Amino acid sequence: MNKGYKKYLPFQPIRFPERTWPEKVIDRAPVWCSVDLRDGNQALVTPMNLHQKVVFFKTLVEIGFKEIEVGFPSASETEYETLRYLIDEHLIPDDVTVQVLVQARAHLIEKTFEAIRGAKNVIVHFYNSTSTLQRKVVFDTDMEGVIGIAMDAARLIRQLADKMREEYPEMNLRFEYSPESFSGTEVENAVRICDDVLEALGATPEDKTIINLPNTVELATPNCFADQVEYVATHLKHRDCAILSIHPHNDRGTATAATELGVMAGAERVEGTVFGNGERTGNCDIMNLAMNLYAQGVDPKLDFTNMNHIKRVYEECTHMHVHERHPYAGELVFTAFSGSHQDAIHKGVTYMAKTGAAHWAVPYLPIDPADLGRQYEPIIRINSQSGKGGAAFIMHRHFGYILPKQMHPEFGALIQEVCNREGRELKAEEVFRIFQREYLRVHAPYDLKRYRLFEENEKLDRVVVYFDGVLSCNGRNIQLSGRGNGPIDAFFKALRSVGITAYKFVSYSEHAISTGADSQAVSYIELSHGDETMFGVGLDHNISLSSIKGIICAINRFERRAQAEKQEK
Ligand SMILES: CC(=O)SCCNC(=O)CCNC(=O)[C@H](O)C(C)(C)COP(=O)(O)OP(=O)(O)OC[C@H]1O[C@@H](n2cnc3c(N)ncnc32)[C@H](O)[C@@H]1OP(=O)(O)O
Ligand SMILES: CC(C)C(=O)C(=O)O
């Protein structure tokens with residue numbers, strides 16, 4: 001037995017019975033800040049170059065981000081140049097604020113101020129670690145020492161900002177402070193340092209500073225983080241001078257939950273990345289969070305309709321991959337292979353179309369794929385796990401054939417047999433080819449060579465239909481004729497007149513089908529032979545002929561099977 005777990009200590013949650021967040025419901029979007037170009041970028045094997053950052057920046061603007069952390073301009077030439085390029089080339093829309101990150105270190109802060117000259121809207125974001133662990137091992141200091149680092153930085157930032165505002169009066173300059181590793185910091189200490197920083201920066205209710213609480217390393221279940229956030233939200237002396245922000249990471253795989261609970265706990269702003277790229281297991285995934293709101297009927301204030309394009313830009317710029325099962329964005333998240341899911345989706349989609357339902361309600365599909373620019377086509381894909389409903393859905397959605405419900409088991413079994421034999425998924429076109437082979441291209445042993453159908457009024461209220469025609473059977477022509485109360489009846493009588501008597505009519509359905517500009521009738525005819533039933537399909541511009549073709553198809557299919565069984569014996 002591996003006893004390695006013994007080297008870990010459990011997280012000590014704060015005691016906070018006053019919490020109110022469990023009763024809260026998120027009914028509006030927080031302010032979103034994308035940190036793709038900073039936290040996402042610093043975690044890449046090969047960080048983005050200037051071109052990639054600019055392309056990504058433009059995509060973030062298209063999505064609707066109004067706050068974008070563009071980098072750490074004091075860290076490298078590329079970071080500095082990218083910011084300058086965005087400013088000098090006027091690529092930052094007037095309603096977008098660029099954010100820059102810097103450590104609480106004087107020379108880096110000075111360089112950062114040099115980089116932001118002339119930008120219209122800027123947030124200078126500075127941070128230092130406050131956690132018990134980092135105080136001890138990184139800074140080798142106590143809480144007073146860590147507060148001192150933050151205060152020196154805050155004072156310098158205020159001074160440089162005053163100077164810059166004089167030089168560039170049109171600049172809208174704001175501040176953000178992160179007690180980095182907040183979730184590993186005693187909450188009382190976090191409140192203390194944040195209040196001190198708010199005072200040092202001169203924050204007011206009219207000119208708020210962003211206080212950003214990072215779950216730098218996710219250490220505990222999301223409820224623990226929510227308690228910490230609500231504690232700060234309710235204990236900050238200068239709460240009215242602060243915009244409360246959170247910056248969750250995903251070390252335990254629960255960043256989405258931690259962010260949602262953090263917002264319920266009082267966070268008004270969220271920092272994250274669009275597909276969750278970021279240090280280690282990543283940042284919280286803003287696309288995921290925004291679409292969660294959307295699927296609850298809340299306007300997320302971000303637009304992911306063009307998901308495939310966003311995904312392409314992300315993958316090209318970062319060389320990361322959006323997983324097939326990624327919420328909302330993955331290749332397979334709107335696909336059902338299994339039979340019962342396909343059946344329920346098919347019924348749900350049909351029900352919505354039939355009833356004109358105002359709200360989305362399709363089993364197994366929490367969101368309409370079309371809202372993310374995804375098509376219906378890939379929703380149902382066919383492999384050996386699929387059922388009859390899936391094959392019928394494909395025939396309907398892709399090719400316009402509405403197979404009657406009684407026919408689903410027969411066609412489903414044909415498809416499943418091929419899937420099992422081939423051991424792979426069948427594409428929609430392959431499903432259609434099987435349908436063509438089994439139903440539309442069955443011209444032997446019987447084939448209709450010539451025919452004439454006409455009606456006579458026997459009495460004023462009674463129409464009699466006459467069928468006259470020639471059937472070929474294995475090269476031999478058979479003349480046949482019959483009369484009945486409709487084309488199907490007349491044809492059956494004609495068949496009986498030449499000794500084809502074993503087949504009984506069971507059911508019939510038909511609908512119009514458009515193939516380009518052309519419209520035809522498709523008839524589904526179910527016949528019985530002894531205890532067995534089988535379907536035939538007829539397609540023709542003439543509705544009467546389509547049903548006669550359907551009858552011949554069903555008879556041919558019975559005959560072929562009998563022949564195959566004979567050969568097997
Ligand atoms: C959780 C996060 O994601 S925070 C963001 C992290 N992102 C990055 O660091 C990416 C960009 N950073 C860099 O390129 C570099 O770190 C630079 C250029 C900013 C600084 O480089 P350097 O000074 O050469 O190295 P480094 O970052 O290792 O500095 C470590 C020193 O800074 C101190 N330090 C680290 N962070 C901070 C901080 N936020 N505030 C104050 N001091 C800090 C350390 O205690 C250490 O001090 P010491 O030398 O007295 O022991
Ligand atoms: C700088 C801070 C916000 C950060 O990136 C983190 O703590 O993860």
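**View 1. Aspartate 468 stands opposite serine 481 in strand 11.** Welcome to this predicted model; we start at an open sheet of 3 strands. The strands of this sheet follow the order 9-10-11 and their pairing is antiparallel. Strand 9 (446-459) and strand 11 (476-484) stand at the edges with a single partner strand each, so one side of each is left without a neighbour in the sheet. From one strand to the next, the twist averages 10°. Strand 10 (residues 462-473) and strand 11 are joined over 9 bridges in the antiparallel sense. Helix 16 (residues 487-497) packs on this sheet, where strand 9, strand 10 and strand 11 are all touched by the helix. The direction of helix 16 makes about 130° with that of strand 11.

**View 2. Here 8 strands close into a barrel.** Going round, the order is 1-2-3-4-5-6-7-8, with parallel pairing. Neighbouring strands of this sheet are turned by 25° against each other on average, direction ignored. To find one pair, look for strand 1 (residues 31-34) and strand 2 (residues 67-71), which pair in the parallel sense over 2 bridges. Cysteine 33 stands opposite glutamate 67 in strand 2. Helix 10 (residues 286-294) lies across strand 1 and strand 8 (269-272), and runs at about 140° to strand 8.

**View 3. Serine 245 has its place in strand 7 (residues 242-248).** Is serine 245 buried or exposed? There are 25 other C-beta atoms within 10 Å of serine 245, so this residue is buried, given that 20 or more are needed. Isoleucine 211 is 34 residues away from serine 245 in sequence, yet the two are 5.9 Å apart in space, C-alpha to C-alpha. Leaving out residues up to four places away in sequence, serine 245 touches Ile210, Ile211, Asn212, Leu213, Ala267, Arg269, Val270 and Glu271.

**View 4. Ligand 1 has 16 residues around it.** Which of them come nearest? They are Gln42, Ala75, Gln103, Ala104 and Asn128. Helix 1 (36-42) and strand 4 (121-129) each supply at least two residues of this shell. Sorted by class, the shell around ligand 1 holds 8 nonpolar, 4 polar and 4 charged residues.

**View 5. Around ligand 2, the shell includes Asp39, His247 and His249.** The other residues around ligand 2 are Leu101, Tyr127, Ser178, Glu180, Asn212, Pro214 and Thr216. Strand 5 (172-180) and strand 6 (209-215) each give this shell at least two residues. By class, the shell around ligand 2 divides into 3 nonpolar, 5 polar and 2 charged residues.

**View 6. An unreviewed UniProt entry places the feature "binding site" at Asp39, His247, His249 and Asn283.** These residues are spread over 245 residues of sequence, but they cluster in space, with a largest C-alpha distance of 10.2 Å. Histidine 247 is in strand 7, and counts as buried because 29 C-beta neighbours lie inside 10 Å. Among the residues that histidine 247 touches are Ser178, Asn212 and Glu271. Histidine 249 is found in the loop between strand 7 and helix 9 (255-264). With 24 C-beta neighbours inside 10 Å, histidine 249 also counts as buried. Contacts of histidine 249 include Thr216, Gly278 and Asn283.

Technical notes. Residues are numbered from 1 along each chain as its sequence is written. Chains are lettered from A and ligands numbered from 1 in the order in which they are written. This is a predicted model: local features need pLDDT of at least 70, side-chain atom pairs count only at pLDDT 80 or more; totals for chains, interfaces and linings use all residues. A residue is near a molecule or strand if its C-beta atom, placed from the backbone, lies within 6 Å of it. Helices (H or I, at least four residues) and strands (E, at least two) are DSSP runs, numbered from the N terminus. Ala, Val, Leu, Ile, Met, Phe, Trp, Tyr, Cys and Pro count as nonpolar, Asp, Glu, Lys and Arg as charged, and the others, Gly among them, as polar. Two strands pair if DSSP finds at least two bridges between them. Axes are lines fitted to C-alpha atoms, for helices over the stretch in contact, and angles run from 0 to 180 degrees between N-to-C directions. Two residues are in contact if their C-beta atoms, placed from the backbone, lie within 7 Å. A residue is buried if 20 or more other C-beta atoms lie within 10 Å of its own, exposed if 12 or fewer, and partly exposed in between; C-beta atoms are placed from the backbone. UniProt positions are given in the numbering used here, feature names are shortened, and annotations may be inferred rather than shown by experiment.
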